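Here is my note on the model you asked about. Keep the structure open while you read, and go through the points in order.

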Amino acid sequence: MESRNIKVIAHIRSDFPEKFGIPRQSGLVPNRSRIVFEPEYRDREALRGIEGYDYLWLIWEFSEAVRDRWSPTVRPPRLGGNVRMGVFATRSPFRPNPIGLSSVRLIGIEETEEGNTLLVEGADLMDGTPIYDIKPYVPYADSHPDARGGFSDSKTQKVQVSVPEQLLEKVPAEKREALIAVLAQDPRPSYQHDPDRVYGMSFSGMEIRFTVSEERLSVLSIEEK
């Protein structure tokens, strides 16, 4: 049976132009993004009734992880990058089909020059990521609070974030909470622990440079790119 071609229906506009710094899962950071539909799918009727849902599922492409080959095992960052797990037991982007799934909060519909767009919160997608489909999140069927979470059940260790006030003032007020939340997740690869290493992260048109030592992340500079 031949597979049908999957069409891109939209792209996301987010504050993350690069992979480094993107939240590791959806819903962890209250960052806001905008979903812009392709011209063919800008019919307002396609969104009729969507306001009745608080959350949506996004089905999208790991566009920066497309490969010709795949491996049956991967090294999850959650396990320090030293343990191999089956690819289907992880959310690794390196899959037979580079498809991602994210649950985001729907803030509302906004009319723009690019048609009706969706304003969402909590997306873990890089800016420009192609979206294949959008489906409503249905609590009675999609929520399983007592389900086991495998190796991902281990709690994520957050770090304390220190940002000098004069640097924080460079960040638009509506972006500060999201930036602090992103940094608190510790964007570093789990195998890097050099306290003297300076890391750089792009966020909403700014370059954030920081160090991490003893569970404390210290922002050194914030500059416009």
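**Notes on the fold**

1. Let's start with one strand pair: β1 and β2 run antiparallel to each other and are joined by four bridges. A quick word on terms: two strands count as paired if DSSP finds at least two bridges between them. Strands (E, at least two residues) and helices (H or I, at least four residues) are DSSP runs, numbered from the N terminus. In general, strands of a sheet pair through backbone hydrogen bonds, either parallel or antiparallel.

2. Before we go on, a caution: this is a predicted model, so local features need pLDDT of at least 70 and side-chain atom pairs count only at pLDDT 80 or more, while totals for chains, interfaces and linings use all residues. Residues are numbered from 1 along each chain as its sequence is written, and side-chain values use heavy atoms, with hydrogens and water left out.

3. Now follow β1 to its other partner. Two bridges link β1 to β8, again antiparallel. Ala10 is a handy marker here: its bridge partner in β2 is Phe37, and in β8 it is Ile131.

4. Which side chains of β1 are buried? Ala10 and Ile12 are, and they point to one face, while His11 and Arg13 point to the other face and are not buried. Buried means under 20% relative accessible area, exposed means over 50%, and partly exposed is in between (1.4 Å probe, protein chains only). That fits the textbook rule: in a regular strand the side chains alternate between the two faces of the sheet.

5. Zoom out and you get a closed barrel of six strands, in the order β1-β2-β7-β6-β3-β8, with antiparallel pairing. On average, neighbouring strands of this sheet are turned by 45° against each other, direction ignored. (Axes are lines fitted to C-alpha atoms, for helices over the stretch in contact, and angles run from 0 to 180 degrees between N-to-C directions.) Within the barrel, β3 (residues 55-61) and β8 (residues 130-136) pair antiparallel over five bridges, and Ile59 stands opposite Asp133 in β8.

6. Two polar residues are worth a click. Thr117 sits in strand β7 (residues 115-121) and is buried, with a relative accessible area of 0%. Beyond its neighbours within four places in sequence, Thr117 is in contact (heavy atoms within 4.5 Å) with residues including Arg34, Ile35 and Val36. Asn31 belongs to the loop between β1 (10-13) and β2 (32-37) and is buried too, at 2% relative accessible area. A polar atom of the Asn31 side chain lies 3.1 Å from the backbone oxygen of Ala123.

7. There is also an open sheet. Four strands form it in the order β9-β12-β11-β10, and the pairing is mixed. Its edge strands are β9 and β10, each pairing on one side only. Neighbouring strands here are turned by 30° against each other on average, direction ignored. β9 and β12 pair parallel over three bridges, with Gln160 opposite Arg216 in β12. Helix α3 packs on this sheet, touching β9, β10, β11 and β12, and its direction makes about 145° with that of β10.

8. Have a look at α3 itself. Among its buried residues are Lys175, Ala178 and Leu179. After α3 comes Asp186, which has a positive phi near 60°.

9. What about the largest nonpolar core? A nonpolar core is a set of buried Ala, Val, Leu, Ile, Met, Phe, Trp, Tyr and Cys residues joined through side-chain atoms within 4.5 Å. This one has 24 residues, of which Met201, Phe203, Ile208, Val219 and Ile222 touch the most other members. α2 (165-168), α3 (173-184), β10, β11 and β12 each supply at least two of its residues, and α3 gives the most, with five. Apart from this core lies another, of 20 residues, among them Ile35, Leu56, Leu58 and Ala65.

10. Last, two residues to check by eye. Ser204, in the loop between β10 (199-203) and β11 (206-213), has a positive phi of about 50° although it is not a glycine. Ser204 is partly exposed, at 25% relative accessible area. Glu214, in the loop between β11 and β12 (216-224), also has a positive phi of about 50° without being a glycine. Glu214 is exposed, at 78%.

Terms used
A polar contact is a pair of N or O atoms within 3.5 Å; within protein, one must be able to donate a hydrogen and the other to accept it, and residues adjacent in sequence count only if both atoms are side-chain atoms.
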